[in-house]
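Visitor: I am new to protein structures, and I would like to learn how the words used for them are earned. Could you walk me through one?
Guide: Gladly! Here it is, and then you can ask away.

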Amino acid sequence: MDKPLEPFRIKAVEPIQFPSREQREAVLHNAGFNLFNIPAEAVFIDLLTDSGTSAMSDHQWAGLMLGDESYAQCRNFFHLQETVQEVMGFPIVIPTHQGRAAEHLLFQTLVKPGDVVPNNIHFDTTRANVEFRQAVALDCAIDETFDPDKEHPFKGNMDPAKLRAAIETHGVEKIPLVMLTITNNSGGGQPVSMANVREIAGICRQHGLPLFLDAARFAENCYFIKQREPAYRDKSIAEIARELFSLADGCTMSAKKDALVNIGGFIALRDEALAGRIRNFLILMEGFPTYGGLAGRDLETMARGLREVLDERYLEYRIGQVRYLGNLLETAGIPVLKPFGGHAVYLNALPFAPHLPRAQFPGQAVAVALYREGAVRSVEIGSLMFARHKPGSEAWEFPRLELVRLAIPRRVYTTSHLDFVAETVYKIWQNRQQLRGLRLVYEPPFLRHFTARLEELDVA
Ligand code: F0G
């Protein structure tokens, strides 16, 4: 199988432990079967997220020492601004401590109760931030997104007909902005094509609606465009990124992904009047407009990461790791979401655990088993994350997909680690009839999956 070739060598290492079976069992019980509650030191391979988990380069670490910690107008802000202008083409950058702060500020400024925000699929924090404004987060992804077996080169695309229908139904005055998440995390880390961004941007322009990209994984998206959209085969990632962003009015960015840092984010945009309104909230909640909740050194590593991520050899290795793990699993007959996305392999939990009803959280059952078997931490993206109680009833409304995400941190794990993960998944696949359903014992009012507690049900 073609192995991903690391375009770097290792300069510092961090030991990881493999807890005993008894320890893993105790950890699961103490965590209320919620993997967010598991101490990180009790995890062998942590595939919970690719967010904030990147290994920084020596160039980024060196940049830490060049942090200018002045309260106002530190030099690293200017470096970040210049980098965003060059990489994305947006003249204005407003730093925030991470992506969801950017979302919160943007929606606080633009979204009113009763509004509707279309997106291909809102990521969970984006959805929660829209709903927190008492607005509707409307998913308009193409139908193929929701079919886990369907091959489509740009399964992250938005359906232009669904966007037009939303505009028709709700009226432009109810739609403060349109968003596109690149890559589409909740739909499997799937890319959006340049043609689709262009078409959606055209519809937005026609109706005077601002288009914002959720750019957390923009470089991975650009790599897929280069691979799969023939017109871009000979363009550099930097050129593709510039063209992509030129179609939008702004973006929210979780720099914890494709800026290769452990913390950070920003809003980038063109409209100075809107930026002024956002900055008023920024000062209230995040900090002065040139640091936005970050230290000068964080701004510096972010600026450096934004350029590093455009390296095509890095992206080839990065996407190659995801494909390598995906291929190992698929070859073993394990149900995985196809095609493989940019940052994670997604197990399809419904065929994995057909004996478990949705209300018993089959995806979470698989995630729990992965930890129990190999101290591998993953995350459920299914009913635990998204199922809602139907209004005025105990009955559930389930999301269409029930997935377990194996997110691969950037530049962190080796091919042997990925082999180990594949073997762990294979072991639980072989014993899948043993997978146990779960029941909620504590449920917070929103973003349930982060703090919920569950208990295991007996095998039927
Ligand atoms: N948008 C997307 C597409 C994301 O995947 C995330 C975070 C955010 C926004 C929010 O950014 O974490 O910096 O506040 N995704 C992480 C994940 C948490 O695991 O997929 P944040």
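Guide: Let us begin with strand E8, residues 265–269, in this predicted model. Of its 5 residues, 5 are buried, so E8 is largely enclosed by the rest of the structure.

Visitor: What makes a residue of E8 count as buried?
Guide: The word is used for a relative accessible area under 20%. In E8, Gly-265, Ile-267 and Leu-269 on one side and Phe-266 and Ala-268 on the other are all buried, which leaves both faces covered.

Visitor: Which residue makes a good worked example of the word "buried"?
Guide: Try Val-192, found in the loop between E5 and helix H7 (194–207). Its relative accessible area is 0%. The cut-off is under 20%, so Val-192 is buried. In space, the C-alpha atoms of Val-192 and Pro-153 are 8.8 Å apart, although 39 residues separate them in sequence.

Visitor: Why is Pro-176 called buried or exposed?
Guide: Pro-176 has a relative accessibility of 14%. Buried means under 20%, therefore Pro-176 counts as buried. Its place is in the loop between helix H6 (160–170) and E5. As for distance, 42 Å separates the C-alpha atoms of Pro-176 and Val-43, which are 133 residues apart along the chain.

Visitor: How do you know that E7 and E8 pair?
Guide: Two strands pair if there are at least two bridges between them. E7 and E8 have 5 bridges, in the antiparallel sense, so by that cut-off they pair. One place to look is Cys-251, which stands opposite Ala-268 in E8.

Visitor: And what joins E2 to E8?
Guide: Here there are 5 bridges, and the two strands run antiparallel. Pro-95 stands opposite Phe-266 in E8.

Visitor: What makes the pairing in the sheet of 5 strands "mixed"?
Guide: Follow the order of this open sheet, E2-E8-E7-E6-E5. E2 and E8 run antiparallel, and E7 pairs with E8 in the antiparallel sense too. Strand E6 (residues 211–214) and strand E7 (residues 250–254), however, run parallel and are joined by 3 bridges. E5 and E6 also pair in the parallel sense, over 4 bridges. With both senses present, the pairing is mixed.

Visitor: Which residue of E6 can I look at to see both of its partners?
Guide: Choose Asp-214. It stands opposite Thr-252 in E7, and it is also the bridge partner of Thr-181. E6 is covered on both faces, with Leu-211 and Leu-213 buried on one side and Phe-212 and Asp-214 buried on the other.

Visitor: Why are E2 and E5 said to stand at the edges?
Guide: Strand E2 (92–96) and strand E5 (178–181) each have a single partner strand, so one side of each is left without a neighbour in the sheet. From one strand to the next, the twist averages 20°.

Visitor: Which strands stand at the edges of the sheet of 3 strands?
Guide: That open sheet has the order E9-E14-E11, with antiparallel pairing. Strand E9 (344–348) and strand E11 (379–381) are at its edges, because each has a single partner strand. Neighbouring strands in this sheet are turned by 35° against each other on average, direction ignored.

Visitor: How do you know that E9 pairs with E14?
Guide: Pairing needs at least two bridges. E9 and strand E14 (residues 403–407) are joined by 5 bridges and run antiparallel, so they pass that cut-off. Ala-344 stands opposite Ala-407 in E14.

Visitor: What makes an empty space a cavity and not a pocket?
Guide: In a cavity, a 1.4 Å probe fits but cannot get out, whereas a pocket is open. A search of the whole structure finds 1 cavity of 30 Å³ or more. The largest cavity holds about 50 Å³ of space, and its lining includes Asn-34, Phe-36, Glu-380 and His-449. That lining divides into 5 nonpolar, 4 polar and 1 charged.

Visitor: And what lines the largest pocket?
Guide: Its lining has 39 residues, with Ala-12, Glu-14, Ala-55, Arg-411 and Val-412 nearest the centre. Helix H2 (58–64) and helix H12 (312–331) are the elements giving two or more residues to this lining. The volume of the pocket is about 1,500 Å³. By type, the lining residues are 19 nonpolar, 9 polar and 11 charged.

Technical notes. Residues are numbered from 1 along each chain as its sequence is written. This is a predicted model: local features need pLDDT of at least 70, side-chain atom pairs count only at pLDDT 80 or more; totals for chains, interfaces and linings use all residues. Side-chain values use heavy atoms; hydrogens and water are left out. On a 1 Å grid over the protein atoms alone, a cavity is a set of points where a 1.4 Å probe fits but cannot get out, and a pocket is an open set with protein on both sides within 12 Å along at least five of seven lines; lining residues have an atom within 4 Å of a point. Grid points are joined across faces, edges and corners, and a volume is the space filled by probe spheres set on the points. Ala, Val, Leu, Ile, Met, Phe, Trp, Tyr, Cys and Pro count as nonpolar, Asp, Glu, Lys and Arg as charged, and the others, Gly among them, as polar. Axes are lines fitted to C-alpha atoms, for helices over the stretch in contact, and angles run from 0 to 180 degrees between N-to-C directions. Buried means under 20% relative accessible area, exposed over 50%, partly exposed in between (1.4 Å probe, protein chains only).
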